[in-house]
Amino acid sequence: MTVQATPSRPLTGQGTVSSILRYLDTFRNSIERLLDERVRVLDRSGATVTVTNSVAITNLYTFSVLGGTLETTKRLRLTLIGDYLNNDGAARDLTLRVLLGGTVVLTTGAVSVTNDAARRIVRVQCEIAANDATNAQAAAGTVSLGAVDTVGGNAPTYTDRLGGHTALTKDTQTDLTLAVDVLHGTASANIVFRKFAAVVELL
């Protein structure tokens with residue numbers, strides 16, 4: 001006696017299989033686009049770095065961007081949070097810079113900051129974008145220095161510096177160092193920059 005199994009749902013032919021495959025392919029493409037468009041955190045740093053009593057250019061943060069990360073259309077976004085104290089009795093100069101592969105992509109120049117016993121909050125934010133190639137980039141960013149006592153409250157902005165570099169030619173197929181550094185115009189124990197946190201994101 002021969003028993004033949006009968007499917008609970010009848011098969012409807014090759015057309016149904018093709019439709020399922022097309023659906024799965026569309027679904028896969030959608031997932032790939034979502035993954036490509038997500039913001040990825042590449043690095044976080046919560047270590048405090050204190051720079052004082054020096055007129056040497058001093059590193060606050062460094063991250064190695066692996067070759068191929070930017071591809072031809074992606075962006076890096078760097079954000080750094082710190083504070084600054086000038087309690088030296090007179091206005092003093094402060095310079096902050098962002099560098100990629102040793103090239104300055106954002107700088108405040110020497111900003112004259114008035115004397116005060118209170119600290120000022122500082123935020124550096126810089127984006128570096130591939131310009132449809134692996135050897136062409138554009139960068140733009142801001143450095144914000146808060147008014148006196150912004151560390152403890154909501155005081156108005158003291159100064160914002162907007163800058164950038166629109167003709168970068170770094171080979172992003174190789175590893176490149178992304179860095180932030182600080183330069184005091186006067187060496188004094190009463191002039192202090194503190195970096196608290198930094199994060200690098202891939203967009």
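Which residue in β12 stands opposite Arg44? Keep that in mind while we look around; the answer comes at the second stop. One thing to know before you click: this is a predicted model.

**Stop 1: the whole chain**

Start with the full protein chain, coloured by secondary structure. You should find 1 helix and 12 strands. Follow the chain from its beginning and the helix comes before the strands, in the pattern α-β-β-β-β-β-β-β-β-β-β-β-β. Of the 203 residues, 34% count as buried. If you switch on the surface, you are looking at about 11400 Å² of accessible area, with 52% of that area belonging to carbon and sulfur atoms. Contacts across the sequence are also worth a thought here: among those between residues at least 6 apart, 75% join residues at least 24 apart.

**Stop 2: strand β12 and its partners**

Now select residues 191-202, which make up strand β12. Add residues 40-45, strand β1, and you will see an antiparallel pairing with β12 over 5 bridges. Here is the answer to the opening question: the residue opposite Arg44 is Val199.

Next, show residues 49-52, strand β2. Strand β2 runs antiparallel to β12 too, and 4 bridges join them. To see a matched pair, pick Val51 and look across to Phe193 in β12.

Then bring in residues 75-86, strand β4. This strand pairs with β12 in the antiparallel sense over 11 bridges. Two pairs to label are Leu85, which stands opposite Val192, and Asn86, whose bridge partner in β12 is Ile191. While both labels are on screen, recall a rule of thumb: in a regular strand, side chains alternate between the two faces of the sheet.

**Stop 3: β4 and β8**

Stay with β4 and hide β12 for a moment. Is β4 mostly covered or mostly uncovered? It is mostly covered, with 9 of its 12 residues buried. Strand β4 also pairs with β8, again in the antiparallel sense, over 10 bridges. Select Gly82 in order to find one of these links: the bridge partner of Gly82 in β8 is Val122.

Now move to Arg120, which belongs to strand β8, residues 120-130. Is Arg120 buried or exposed? Its relative accessible area is 2%, so Arg120 counts as buried. Show its side chain together with that of Thr114, and you can trace a polar contact of 2.9 Å between the two. Then draw a distance between the C-alpha atoms of Arg120 and Asn86: these two residues are 34 apart along the chain, yet their C-alpha atoms are separated by 8.9 Å.

**Stop 4: the loop between β2 and β3**

Go back to the end of β2 and select the loop that leads to β3, which spans residues 58-65. Asn53 sits in this loop, and its phi is positive, about 55°, although it is not a glycine.

Ser54 lies in the loop as well. At 19% relative accessibility, Ser54 counts as buried, because the cut-off for that label is under 20%. A polar atom of the Ser54 side chain lies 3.0 Å from the backbone nitrogen of Ala56. Leaving aside residues up to four places away in sequence, which residues does Ser54 touch? Select His184, Thr186, Ala187 and Ser188 to see them.

**Stop 5: the loop between β8 and β9**

Jump to Asp132, found in the loop that connects β8 with β9, residues 137-146. Asp132 has a positive phi, near 60°, and is a residue other than glycine. With a relative accessible area of 64%, Asp132 is exposed.

**Stop 6: the helix**

Finish at helix α1, residues 14-37. Turn on the surface and select Val17, Ile20, Leu21, Tyr23, Leu24 and Phe27. Together they form a nonpolar patch with about 620 Å² of accessible area. Leu21, a member of this helix, is exposed at a relative accessible area of 54%. To end with a contrast, show Leu21 alongside Arg120: the leucine is exposed, whereas the arginine is buried.

Note on methods: Residues numbered from 1 in each chain as written. Predicted model: local features only at pLDDT ≥ 70, side-chain atom pairs only at ≥ 80, totals over all residues. Heavy atoms only, no water. Patch = residues over 30% accessible without salt bridge, like charges linked within 9 Å, V, L, I, M, F, W, Y side chains within 5 Å. Areas by Shrake-Rupley, 256 points an atom, 1.4 Å probe, with all protein chains shown as cover. Salt bridge = Lys/Arg side-chain N within 4 Å of Asp/Glu carboxyl O. Buried < 20%, exposed > 50% of the residue type's maximum accessible area, 1.4 Å probe, protein only. Polar contact = N/O pair within 3.5 Å; in protein donor to acceptor, adjacent residues only side chain to side chain. Contact = heavy atoms within 4.5 Å. Pairing = 2+ DSSP bridges.
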